[in-house]
Amino acid sequence: MSNTRFFHIILSVRKGIIPIISFLILSILLPACSNDEPTPNPPDEPAPSLDRDVKTAILIYAVASNNLNSSFSDDLNESGDLYEMLEAAEQINMNEADIVIYSVELPGDAQLRRIVKDDAGKPGLQLIKEYDRNTFSTDPKRISEVINDFIELDRCDHRGLILWSHATGWEPDFSDHIVPVANYSFGADKYNGKYDYCDLIELNEAIPEGVFDYIWFDCCYMMQIESIYQLRNKARYFVGSPMEMAGEGTPYHLVLPLLARPDYNLADAIEIEARYFINRNIPIAISLLDASYLDEVMQAARLAAKGKRQNTLGLISYSRTPVGSLYDFSGFTERRGASLGSEWDSDYFSELMERLLPCRFAGEKNWNNRPIDPAGYSGLAVHNFNDDGDDVSEYYKQLAWYRDVYDDF
């Protein structure tokens, strides 16, 4: 048992109240793995029904055609997230849940598959659709196409979206989906020697409103206020990390069975993920955000922006470099707002942040081996924007967060 400490805050989230779970109870309740090995090969099943009734459906959108490929599908060594997903299925009632996986891997097949079980209960993958590889999986047209195909598969009460790949949050890529570029917001798709990426504005345009209950980011840096605010109308709940994640990503063998339950609980799921990494002394920061409070948070940040610009000394930094531009949103905003004096209500802002981020976890240190102070950790990052007059600054000005918070200043 690791002696690494982590802290947690759990309030109410699950369409009701989330129970506070002790670590000892969680240790007992962690899903057990079956001795029967799952297989990535499709079972001998009839063609997939496009007319099913389930309680919950989850789309995992995995862009693994990059240097994370082995992290997704390293089946020979019984590792990789795809293997973990199949292992998780042994604990899932597939009559109540549909787990659908869109993946593009090296050398390049793009497929939509669902997890099914054969008559003996052994899980495998069943092909639903193959896609033309000439369209990048980071092209918003492909993302929209896959989501629409996913919607057609089931009638269900709840839908979740898991985005799996590289990510840099709001940072733009300026990709035209034809030529290679250097950075990305979400995804890195390599095909025919070229890389393509999806920026935040494109991602927002690709995801329809009113479809997903939650969006889970199995990728780095997406728990930024700029990213979540841009996507605020796409789901009520968001799960992700404000900093880099370990290359192995979400432990699906532990998390997916919880998400597939009819009474799924996002707080339970992120606590198990946090413990998985912290007990192995791997840096982790993960949080759950309730987007229904984002308008109030935006108004508070807009007020704080009227205050004097403050230095960032002592604030939690989430950037990988020792001195970076991503800082804890709560501390960053509170410091600037406090410069307004009596016009700023610190108690109100603190209570608002508790409602916005009802569940959050972190280890003791970030990837730079710098401490994460429990008192200053909100689980949400913000970019310390400076207008440098370059393309990146101009892109930031196009984001909804900049327009609503800073545009008048």
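Axes here are lines fitted to C-alpha atoms, for helices over the stretch in contact, with angles running from 0 to 180 degrees between N-to-C directions. Helices (H or I, at least four residues) and strands (E, at least two) are DSSP runs numbered from the N terminus. The model is a predicted one: local features need pLDDT of at least 70, side-chain atom pairs count only at pLDDT 80 or more, and totals for chains, interfaces and linings use all residues. Residues are numbered from 1 along each chain as its sequence is written, and side-chain values use heavy atoms, leaving out hydrogens and water.

**Exercise 1.** Work out how helix α7 (residues 252-259) and helix α8 (residues 266-278) are oriented, and which residues make the contact.

*Solution.* Start with the axes: they come within 9 Å and cross at roughly 175°. That angle makes α7 roughly antiparallel to α8 (over 145 degrees; under 35 is roughly parallel, 65 to 115 roughly perpendicular, the rest oblique). Next, list the contact (heavy atoms within 4.5 Å). α7 brings His253, Leu254, Val255, Leu258 and Leu259, while α8 answers with Leu266, Asp268, Ala269, Ile272, Glu273 and Tyr276. Finally, sort by class: eight nonpolar, one polar and two charged residues. For the classes, Ala, Val, Leu, Ile, Met, Phe, Trp, Tyr, Cys and Pro count as nonpolar, Asp, Glu, Lys and Arg as charged, and the others, Gly among them, as polar.

**Exercise 2.** Find how many residues of α7 are buried, and what covers them.

*Solution.* Buried means under 20% relative accessible area, exposed over 50%, partly exposed in between (1.4 Å probe, protein chains only). By that yardstick, eight of the eight residues of α7 are buried. The cover includes β2 (52-63), α3 (81-89), β3 (97-104), β6 (154-164), β9 (214-218) and α8. For the backdrop, buried residues make up 58% of the 409 residues in the chain.

**Exercise 3.** Locate the buried residues of helix α11 (residues 346-356), then look at its N-terminal end.

*Solution.* First, pick out Phe349, Leu352, Met353 and Leu356 as the buried residues of α11. They cover an arc of only 100° around the axis (taken from the directions from the helix axis to the C-beta atoms), so they sit on the same side of α11. Their cover includes β11 (285-290), α9 (294-304), α10 (329-338) and β13 (359-362). As for the N-terminal end, Asp345 caps it, with a side-chain oxygen 3.2 Å from the backbone nitrogen of Asp347.

**Exercise 4.** Describe how α9 and α10 cross.

*Solution.* Their axes come within 8 Å and cross at roughly 45°. That makes α9 oblique to α10. Val297, Ala301 and Ala304 of α9 meet Phe329, Thr333, Arg336 and Gly337 of α10.

Conventions: A polar contact is a pair of N or O atoms within 3.5 Å; within protein, one must be able to donate a hydrogen and the other to accept it, and residues adjacent in sequence count only if both atoms are side-chain atoms.
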